[in-house]
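Student: Got a minute to go through this one with me? I'd like to take it piece by piece.

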Amino acid sequence: MFKQVLVAQWQTSKLAVGLLTLLSFCIPLLAVLYGGDLAGAGRERVGDWLIAADRVAQFPPFIALLVGLLLGTLAWSADLAGRHVYALSLPLPRGLYVSMRFGAGALFATIPGAAMGLSSGIATLAVSLPPGIHAYPVEMALRFWLASLTVFAIIFAIAGGTRRGQVITISVIGAAITLDVVFLLFGVDYSVTAEALLLLTNWPGPLSLLTGRWALFDV
Amino acid sequence: MLALAALLVVSATPVRGQSPEETDRRERRLLARAESLLAQEEARVVAKKEAFWSRLRPRVIQSRGATLVVGEAVPASDAQRALDSGLTLLRTFGAVPEQFAGRLVLYGMVDTRRDTLSRLGFGSRRLLLVDVSQAGPDSSPSWSVSADAVARALAVEYRDSLDVDWRHWLPYGYAVPHWTRANTWGAFQELTRSPLSVAGRCVAGEVAGCRLWLAIDRDTEPFADRFTGADLRNLLPKSSLSNAASASEVGDACIEGIDAACVSFFRARSFSDIPAPEASRRGLLGHFRSLYGADAVERAVADTVGSIAQRLVRAAGVNEDSLVMNWRYWTLTRGGHPRERSTAADAAPGLVLAVVLLALVVRGRRS
């Protein structure tokens, strides 16, 4: 049964998975474009290369976010379009069906992660690093995969939740934005959304993995 | 105007055909006019002088024990704001104890002709001049004091009151907020672009190289320990000492490749024995403050025992090498901090939330 769910979900997700995999593969290789032989290079060039590598390192968290967002929403798109007729016609309890959908999505989220790991490895092998600079291909790939999976799981849960749950989620976001507008009108220097974002993205916030250092090459 | 009056008096000579009485009357009238013009001009000069000195009449502003005396030309609210903010800057960025400001009197644009500050009762306190800036056109200028000027004046004075190690090592503007991302960029540039070998050793991850670059230890032979002969030789063409080097025997020997001569030549001149320029040293203090707080900077700067490294370490209670390596990471990543947790620990909160949400979805019913 999992195979059927996997194949059905692949139909809706394949384009996104393909594009995101390509993107994930290309990003670590960008750092190599700035130069491969750094072991004998002058310190000035190493410095410039470090800046370039840091700039490249700003992309992976956004791609991980994109992977989670797209795969999380696409996991339910076929059910929403078919008004859940397919799901209800299956001789499966809801819990098992949801688990299968999640499993399929998580498997698809692994593909860009694997591409990131592979290209990080290639990039690491392609560069001869000077002393004091290190490569972290495994950590980079793991971080990317875990971040994609976390965002995917959260979006999957929100999109597949009850209508009541979705209404509550949207209401909370709407209330935060309304409060911000009211504060702005009364000249209060406080932003609920900014504070909430800080809480979410600073450890132990659930999205803290997306912030922090993502450098494939670090000192 | 005076010249015009004089001209009138001189030109008031009797004209042929005029009677002596008429001439006399005319002369008296002109003289009276000239005297009146002279009096007006004198009054104008006095008023102008009065207006000038009234701008310099002292206005005493106080805040948290600190005193600022400025001329009345500087608006009181402006001066008060500058003093408050200047003291806040020093407290926030550390290094200068609050009570230090209480021992001084800051003054600027004040009439000091008749010992004004002593008459105001500030004779026993040390006087410190603060910059008053002028803005607007010359016809209607306005004067103001900035918080930065207050903070800088106090910081420089405090720096001068410290022991020789700090006076030698503390960079300019150490206690005012220039420890921003721009400063990390400056420190990065200094470290990665410096031709000195200790900078290269530091970039390569050698702690001893970073310590020598920052000059935080009491090295027995600063020039010989922190610079190689080749470093010093490379510095010669870029420094102001190049002419002196070719003119002296020792300098000439240095140019010709004798390392010991380079050390002797630079040591004999007033060339700084600290390899790291100011942004790097400001960076170390800024990073130290961000890790251990402004109080730790204040404690370290007030300490007079041991090397700079020992004082910093004592104030923060950390390991010397870890502080230096932290600074290296901060500099080379332009403001980054080494990871404190593993990737798994970073991911844990998000995964826990995801599991909870999934459990809710699995148990829920669509309605």
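**Backbone, sheet and contact**

Tutor: Sure. Start with Arg64(B): it has 13 C-beta neighbours inside 10 Å, so it counts as partly exposed. Keep in mind that this is a predicted model.

Student: Where does Arg64(B) sit?

Tutor: In the loop between strand E1 (58-63) and strand E2 (66-71) of chain B. Its phi is near 45°, a positive value in a residue other than glycine.

Student: What about Ala215(B), buried or exposed?

Tutor: Ala215(B) is buried, because 24 C-beta neighbours lie inside 10 Å; the cut-off for buried is 20 or more. Phi of Ala215(B) is positive too, about 55°, although the residue is not a glycine.

Student: And which elements flank Ala215(B)?

Tutor: Helix H10 (207-214) and helix H11 (222-226) of chain B; Ala215(B) is in the loop between them.

Student: Back to the strands. What is the strand order in the sheet of chain B?

Tutor: E1-E2-E3-E4, four strands in an open sheet with mixed pairing. E1 and strand E4 (126-129) of chain B are the edges, each pairing on one side only. On average, neighbouring strands are turned by 25° against each other, direction ignored.

Student: How many bridges join E2(B) to E3(B)?

Tutor: Four, and E2(B) and strand E3 (residues 104-108) of chain B run parallel. One pair to look up: Val69(B) has Tyr107(B) in E3(B) as its bridge partner.

Student: Which strands does helix H6 of chain B touch?

Tutor: H6 (residues 147-161) packs on the sheet and touches E2, E3 and E4 of chain B. The direction of H6(B) makes about 135° with that of E3(B). Helix H3 (residues 76-93) of chain B lies across E1 and E2 of chain B, at about 35° to E1(B).

Student: New topic. How many residues does each chain bring to the contact?

Tutor: Chain B gives 31 residues and chain A gives 37. On the chain B side, the elements with two or more residues are helix H8 (181-193), helix H9 (197-203), helix H19 (320-332) and helix H20 (343-363).

Student: Which one gives the largest share there?

Tutor: H20(B), with 13 residues. By class, that side of chain B has 16 nonpolar, nine polar and six charged residues.

Student: Last one, chain A. Which residues does the cis peptide bond join?

Tutor: Trp203(A) and Pro204(A), with omega about 10°. Pro204(A) is in the loop between helix H8 (192-201) and strand E2 (217-218) of chain A.

Terms used:
Residues numbered from 1 in each chain as written. Chains lettered and ligands numbered in written order. Predicted model: local features only at pLDDT ≥ 70, side-chain atom pairs only at ≥ 80, totals over all residues. Contact = placed C-beta atoms within 7 Å. Nonpolar A, V, L, I, M, F, W, Y, C, P; charged D, E, K, R; others polar. Buried ≥ 20, exposed ≤ 12 C-beta atoms within 10 Å, placed from the backbone. Pairing = 2+ DSSP bridges. Axes fitted to C-alpha atoms, helices over the stretch in contact; angles between N-to-C directions.
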